[in-house]
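Have a look at the chain below and turn it around a few times. We'll walk through a handful of its residues and see who sits next to whom.

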Amino acid sequence: MLDLTNKRYAYVAVITDKGYSIGLAIEGEKGYRPSNYEYNTWQQAQETANLMNDKLGLSRKEASEIVIKTMF
């Protein structure tokens, strides 16, 4: 089971071999954790990620910063 206690994370729209999905980006960890969600368009995946980040209380800027920090 994934323990996210005391970790900042955000949801991000991603492109997969099957189309579009959302992933979980955990600050300080490289890459993202894939999900089983599938969407027909990137916009649908992004809207879902935004809604999930809203529920976490993250602004678009905060979510973007978390995602960017998974790339380095």
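What follows is a short tour of a predicted model, going from the inside to the surface.

Let's begin with alanine 25, which is found in strand S2, residues 19-26. Is alanine 25 buried or exposed? Its relative accessibility is 0%, so alanine 25 counts as buried. Who are its neighbours? Leaving aside residues within four places in sequence, alanine 25 is in contact with Arg8, Tyr9, Ala10, Gly31, Tyr32, Ile66, Val67 and Thr70. Tyrosine 11 makes a nice example of how folding brings parts of a chain together: it sits 14 residues from alanine 25 along the chain, yet their C-alpha atoms are separated by 6.0 Å.

Two of those contacts, Ile66 and Val67, turn up again in helix H2. The buried residues of H2 are Ala63, Ile66 and Val67. Looking down the axis of H2, you'd find these buried residues within an arc of 95°, so they line one face of the helix. Here's the background: an α-helix has 3.6 residues a turn, so residues three or four places apart point the same way. And what covers the buried residues of H2? The cover includes strand S1 (9-16), S2 and helix H1 (42-55).

Helix H1 is also where asparagine 53 lies. With a relative accessibility of 3%, asparagine 53 counts as buried, because the cut-off for that is under 20%. Setting aside neighbours within four places in sequence, asparagine 53 touches Ala10, Tyr11, Leu58 and Ala63.

Tyr11 has a ring partner, too. The count of aromatic pairs comes to one. The rings of tyrosine 9 and tyrosine 11 have centres 6.2 Å apart and planes at 85°, so this pair is edge-to-face.

Now for the outside. Phenylalanine 72 is placed in the segment after helix H2, which covers 60-69. Together with Ile68 and Met71, Phe72 makes a nonpolar surface patch of about 380 Å².

Here are the four residues we've met, set out by how much of each is accessible:

| Residue | Relative accessibility | Class |
|---|---|---|
| Alanine 25 | 0% | buried |
| Asparagine 53 | 3% | buried |
| Tyrosine 11 | 21% | partly exposed |
| Phenylalanine 72 | 71% | exposed |

Why is tyrosine 11 partly exposed? Buried means under 20% and exposed means over 50%, so the 21% of tyrosine 11 falls in between. Phenylalanine 72, at 71%, is over that 50% mark, so it counts as exposed.

Key:
Residues are numbered from 1 along each chain as its sequence is written. This is a predicted model: local features need pLDDT of at least 70, side-chain atom pairs count only at pLDDT 80 or more; totals for chains, interfaces and linings use all residues. Side-chain values use heavy atoms; hydrogens and water are left out. Helices (H or I, at least four residues) and strands (E, at least two) are DSSP runs, numbered from the N terminus. Buried means under 20% relative accessible area, exposed over 50%, partly exposed in between (1.4 Å probe, protein chains only). Contact means heavy atoms within 4.5 Å. Patches are made of residues with over 30% relative accessible area and no salt bridge: like charges are joined within 9 Å, nonpolar side chains (Val, Leu, Ile, Met, Phe, Trp, Tyr) within 5 Å. Accessible areas come from the Shrake-Rupley method with a 1.4 Å probe; for residues, only the protein chains shown count as cover. A salt bridge is a side-chain nitrogen of Lys or Arg within 4 Å of a carboxyl oxygen of Asp or Glu. The arc is that of the directions from the helix axis to the C-beta atoms. Rings of Phe, Tyr and Trp (its six-membered ring) pair if their centres lie within 6.5 Å; planes under 30 degrees apart count as stacked, over 60 as edge-to-face and the rest as tilted.
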